[in-house]
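I am opening a notebook on a structure that is new to me, and I want to set down what I look up in the order in which I look it up.

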Amino acid sequence: MIIKELVYGRLVGEADSTTLRLDAEDAGNHVYLAYALVTQGPGHHVLPSVLLDDWGNEIAQLRVYDWIKENGLHFPRAEIFGKSPSGQAVQCFLRDLELFAPYPVYVFEADDAPDSSGTLLQAIVVVDEEAGSPEPAPPPGWVGGRLRSAQVEWRRAGPE
């Protein structure tokens, strides 16, 4: 199973553009995000499940991303095991990945959803009482980690 992160919000917008309305206070609505790693050259997306370092130690869960950020340049032979967005098994070395690229993000309705059922996220809208219609904006200060490094368009919009 690929690594996913629970976030509070819901999908909104048109059918041709997947947009997440992020709401840190709305515990009633949630989705799961999977952060893809990108291969050098062709730019294929890899949704990781686990990483094995040079000594065979297994790094799992969201710690994989921190480990890559801290150790990726020093351990190019570490291996990532995961899935392609279509659900095919993938195995690659860290040396084959763009270690500093923003993460393409796939959104899933449930934690146990099939690995191939994710949809590439295009934008994230953050509720801002002072905003009207959606407008470009940087990610808010309370958004951190992987989500802050997501390859998405950030917007702010009013509560409606």
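**Entry 1: an exposed loop residue**

I began with Gln61, which is exposed, with a relative accessible area of 56%. The model I am reading is a predicted one, and I keep that in mind throughout. Looking up where Gln61 sits, I found it in the loop between strand E6 (58-60) and helix H1 (63-71). I also noted its backbone, since Gln61 is not a glycine and yet has a positive phi of about 60°.

**Entry 2: the chain as a whole**

I then stepped back to the whole chain, whose secondary structure comes to 2 helices and 13 strands. Its radius of gyration is 16 Å, close to the 15 Å that the globule rule gives for 160 residues, so the chain is as compact as a globular protein of that length. For the extent along the principal axes, I wrote down about 50 × 30 × 30 Å for the C-alpha trace.

Next I asked myself what percentage of the 160 residues is buried. The buried residues make up 44% of them. Turning to contacts, I took those with a separation of 6 or more and found that residues 24 or more positions apart account for 61% of them. The accessible surface comes to about 8700 Å², and carbon and sulfur atoms hold 48% of it. I looked up the charges as well: there are 12 positive and 24 negative ones, and their mean positions lie 4 Å apart.

**Entry 3: the open sheet**

I followed the pairing from strand to strand and arrived at an open sheet of 8 strands, in the order E10-E9-E3-E1-E2-E11-E13-E12, with mixed pairing. Its edges are strand E10 (119-120) and strand E12 (135-136), each of which pairs on one side only. As a reminder to myself, strands of a sheet pair through backbone hydrogen bonds, either parallel or antiparallel.

Within this sheet I looked more carefully at strand E2 (residues 19-22). Strand E1 (residues 5-12) runs antiparallel to E2 and is joined to it by 4 bridges, and here Leu11 stands opposite Leu20. E2 also pairs with E11, this time in the parallel sense and over 4 bridges, with Val125 in E11 as the bridge partner of Arg21. I then checked which way the side chains of E2 point: Thr19 and Arg21 go one way, Leu20 and Leu22 go the other way, and all of them are buried. That fits the general rule that in a regular strand the side chains alternate between the two faces of the sheet.

Moving along the order, I found strand E11 (residues 123-127) and strand E13 (residues 153-157) paired in the parallel sense over 5 bridges. One of the pairs I noted there is Ile124 with its bridge partner Trp154 in E13.

**Entry 4: two loops beside these strands**

Is Ser17, in terms of its relative accessibility, buried or exposed? I looked it up in the loop between E1 and E2, and at 17% relative accessibility Ser17 counts as buried, because the cut-off is under 20%. Leaving aside neighbours within four places in sequence, Ser17 is in contact with Val12 and Gln122.

I repeated the check for Ala131, which lies in the loop between E11 and E12. Ala131 counts as buried too, at 10% relative accessibility. With its neighbours within four places in sequence left aside, Ala131 is in contact with Arg156, Ala157 and Gly158. I also took a distance here: the C-alpha atoms of Ala131 and Pro159 are separated by 8.3 Å, although these two residues are 28 residues apart along the chain.

**Entry 5: strand E7 and its partners**

My last entry concerns strand E7 (residues 79-83), which has a covered face with Ile80 and Gly82 and an uncovered one with Glu79, Phe81 and Lys83. Strand E5 (residues 45-52) runs antiparallel to E7, and 5 bridges join the two. E7 also pairs in the antiparallel sense with strand E8 (residues 89-93), again over 5 bridges.

Glu79 appears in both pairings, as the bridge partner of Leu52 and with Phe93 as its own partner in E8. Finally, I traced the connection from E7 to E8 and found a hairpin with 5 residues between the strands, where Gly87 in the turn has a positive phi of about 100°.

Key:
Residues numbered from 1 in each chain as written. Predicted model: local features only at pLDDT ≥ 70, side-chain atom pairs only at ≥ 80, totals over all residues. Heavy atoms only, no water. Buried < 20%, exposed > 50% of the residue type's maximum accessible area, 1.4 Å probe, protein only. Pairing = 2+ DSSP bridges. Contact = heavy atoms within 4.5 Å. Rg over C-alpha atoms; globule rule 2.2 N^0.38 Å. Areas by Shrake-Rupley, 256 points an atom, 1.4 Å probe, with all protein chains shown as cover. Lys, Arg positive; Asp, Glu negative; His and termini not counted. Charge placed at Lys NZ, Arg CZ, Asp CG, Glu CD.
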